[in-house]
Amino acid sequence: MPTPLYDSLRGLAAQAPLRLDMPGHHGGPLPGGFPWPSEIDFTENGRTGDLYGGEPDDIQAAEGLWADRFGFDSCLFLTGGSTQGIHAGLALLAGEGGSVALDRGSHRSAYHALALLGLTPYFLSRPWLAEEGVAGPISPEEVARTLEEHPEIKTVCITSPTYYGVLSDVPAIAGVCHTHGAKLMVDGAHGAHLPFLGYTGYQAADVMVTSAHKTLPAPGQTALLLANGTGLSALQRWGSVYGTSSPSYVLMSALDTARDYMEGEGTARYLETVRLADALRRRWPALAPRDGLALDPARLVLLSPGGFALADTLRQRGIYPEMADAGHVVCILTCAGGPSEMERLERALADAGLTGPCPSMPPPPEPPEAVLTSRQALFAPRERVLLSQSAGRISAGQIAPYPPGVPVIAPGERIEKKHLAYLREIGYNEAYCDVIRPREE
Ligand SMILES: Cc1ncc(COP(=O)(O)O)c(C=O)c1O
């Protein structure tokens, strides 16, 4: 199978060139026996292509294979995670000073992009699924209502799947966006594996961002920005604004080889993992798909009356889940695991005895009043105060407990007593928060 970038770098390395350029190791080993494929760790040298350049090269060939697999016209490799892609994608679609319909549960990079681009957000809310204790999908109706109320919005940005694996109906939401003359960007940071498992929903979006490093066998920071209808040069332009001008060829090659692996053995192993995850879901209380609730089939979200205690017990047995909250333990299962890993998890679950229905959690309150814009809140002087003493203050950051995984308070919003009461009730355990420092008289 073709791995154009990796093959060409290997070919170049095999010629034992005298490297008098970056990186400083010049293709030799790193001190301390640090395992790093220095021989393919190149810079742009006229033979290795240019991530942000215009001429077709091996990087573009490798990106093209990803674009084909995901069903998009173009793909840009990212070496700064989905964070880089979310900034670049929102700059590309929304530009400066526009309006955006934003999933209230967006990652903080989207909130930072709002501030840096001076965007006005209109938040999309999610229904609270009391039985599961998580926020449900963004509905097409919610998107339609927001776009009808604010026809000036030309960009919609949602996250799918969420940290808890909740998928929204991307094609239906894209349809609503396009009918209203808006573009859809999907933060699929946690969904890089889904197209390999047959999921085609992302293709309906105009822009999609995903972190290969989260759910595929790929190193930290590797991610992808994919788009329909914008052309690669627009992705390169905005990717370069938010990315390093010295992108790592090792990371880019790892994207090339991760895709190639997933075209064959990786997907077979992933499908086996999905089968094992299904079996675990039948034996242990866990989030399960149902009518109106589509889930990432590989994400195992265990239910527990004491999620933190269950996660601690697992850690004591050398098992490290991705995340825990009062009622859930989130495990990211990938093609890297198999039957023996699942058996180990099952033995630990049996010993721990802490699975069961999650405690009932109230729905999050309505978002508070926005007093400052995201931009004003990002740049204003701030101070750290005890959360318990923050009523009436304007938040400088996101206060985002899991669940709902949705900021109860976003930057620039006034912290009200009812929000503090809710945070107490759900056992939010951050003692401090950042608030805007009052102006000196
Ligand atoms: C939903 C979501 N979007 C974006 C990001 C940012 O991804 P990265 O860490 O690859 O920059 C994260 C990180 O956890 C995330 O959970």
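This report describes a ligand shell, a helix pair and two sheets in a predicted model.

Residues are numbered from 1 along each chain as its sequence is written. Because the model is predicted, local features need pLDDT of at least 70, side-chain atom pairs count only at pLDDT 80 or more, and totals for chains, interfaces and linings use all residues.

**Around the ligand**

The ligand has 13 residues around it. Gly81, Ser82, Thr83, His107 and Ala189 come nearest. A residue is near a molecule if its C-beta atom, placed from the backbone, lies within 6 Å of it. Helix H3 (residues 81-94) gives the largest share of the shell, four residues. Helices (H or I, at least four residues) and strands (E, at least two) are DSSP runs, numbered from the N terminus. By class, the shell has four nonpolar, eight polar and one charged residues. Here Ala, Val, Leu, Ile, Met, Phe, Trp, Tyr, Cys and Pro count as nonpolar, Asp, Glu, Lys and Arg as charged, and the others, Gly among them, as polar.

**Two helices side by side**

The axes of helix H5 (residues 140-149) and helix H6 (residues 170-179) come within 9 Å and cross at roughly 15°. Axes are lines fitted to C-alpha atoms, for helices over the stretch in contact, and angles run from 0 to 180 degrees between N-to-C directions. That crossing makes H5 roughly parallel to H6 (angles under 35 degrees count as roughly parallel). From H5, Pro140, Val143, Ala144 and Leu147 make the contact; from H6, Ala172, Ile173, Val176 and Cys177 do. Contact means C-beta atoms, placed from the backbone, within 7 Å. The residues of this contact are eight nonpolar, no polar and no charged.

**Two open sheets**

Two strands pair if DSSP finds at least two bridges between them. One open sheet has seven strands in the order E1-E10-E9-E8-E6-E2-E3, with mixed pairing. Strands E1 (74-78) and E3 (120-124) stand at its edges with a single partner strand each, so one side of each has no neighbour in the sheet. Neighbouring strands of this sheet are turned by 20° against each other on average, direction ignored. Helix H8 (residues 232-242) packs on the sheet and touches E1 and strand E10 (223-227).

Another open sheet has three strands in the order E12-E14-E13, with antiparallel pairing. Its edge strands are E12 (299-303) and E13 (323-324).

The table shows one strand pair from each sheet.

| Strand pair | Bridges | Direction |
|---|---|---|
| E6 (residues 155-159) and E8 (residues 183-187) | five bridges | parallel |
| E12 and E14 (residues 328-332) | five bridges | antiparallel |

Ile158 has Val186 in E8 as its bridge partner. Val301 stands opposite Val330 in E14.

Note on methods
Angles under 35 degrees count as roughly parallel, over 145 as roughly antiparallel, 65 to 115 as roughly perpendicular and the rest as oblique. Two residues are in contact if their C-beta atoms, placed from the backbone, lie within 7 Å.
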